[in-house]
Amino acid sequence: MDKICYWDDTEKVQKERDATPEEQAEIDANRAAAVSLAALRQWEAIKQLRDARILQGGFPVGPHWFHSDLISRSQFLAAARRADLVAASGGDMNAILTNSEGNAIAVKTMDNGHVPVTASLAHTIMSAAELQESNTYKVALQHKAGMEAAENPASYDYKTGWPPIFGE
């Protein structure tokens, strides 16, 4: 049972008393609302960190780290579609892909290198991007469950345990 502080005008002092059942119900409801609000805020923070890591953190393929922003993902998807055509026609999966003008396709890596893209590499890049995203989502859901189980969601540390990103 919580205590209620009040001012006693007769004695000119602050006093304490037990909360009435109605007051206690209101205190408990306010406490639950505060915990719920803290949990919602933490879940939003977890999602923001998840999304930033997915869209800005890159993903590894062999010795290289590839960009993971939406424009890069679109370019990788286009390269993977070209790789699908190479595979479907029985072409050389290790040949460097070319664009519609016949120029070799190369992508810039996060360490400022340039890597020529083969059909095989295009598929590997897409698989690596999907794996990084999937693993990042899994960690976000684990953090959500941990935060929701925490006595104080606002103090739950969700910044650990994520798949590595470029520069870590």
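In this predicted model, helix 2 buries Ser72, Arg73, Phe76, Ala79, Ala80, Ala83 and Val86, where buried stands for under 20% relative accessible area and exposed for over 50%, with a 1.4 Å probe and protein chains only. Seen down the helix axis, these buried residues of helix 2 fall within an arc of 120°, so they line one face. The opposite face, turned away from the buried side, carries the exposed residues Leu70, Ile71, Arg81, Leu85 and Ala88. Helices here are DSSP runs of H or I with at least four residues, and strands are E runs of at least two, numbered from the N terminus.

The cover over the buried residues of helix 2 includes the elements below, contact being heavy atoms within 4.5 Å.

| Element | Residues |
|---|---|
| Helix 1 | 21–56 |
| Strand 3 | 59–61 |
| Strand 4 | 64–66 |
| Strand 5 | 106–108 |
| Helix 3 | 119–149 |

At the N-terminal end of helix 2, Asp69 acts as a cap, with a side-chain oxygen 3.2 Å from the backbone nitrogen of Ile71. Just after the helix, Gly90 takes a positive phi of about 75°.

The largest nonpolar core (buried Ala, Val, Leu, Ile, Met, Phe, Trp, Tyr and Cys joined through side-chain atoms within 4.5 Å) has 20 residues, and Phe76 is one of those that touch the most other members. Its largest share, seven residues, comes from helix 3.

Residues are numbered from 1 along each chain as its sequence is written. Local features need pLDDT of at least 70 and side-chain atom pairs pLDDT 80 or more, whereas totals for chains, interfaces and linings use all residues, and side-chain values use heavy atoms, leaving out hydrogens and water.

Note on methods
The arc is that of the directions from the helix axis to the C-beta atoms. A polar contact is a pair of N or O atoms within 3.5 Å; within protein, one must be able to donate a hydrogen and the other to accept it, and residues adjacent in sequence count only if both atoms are side-chain atoms.
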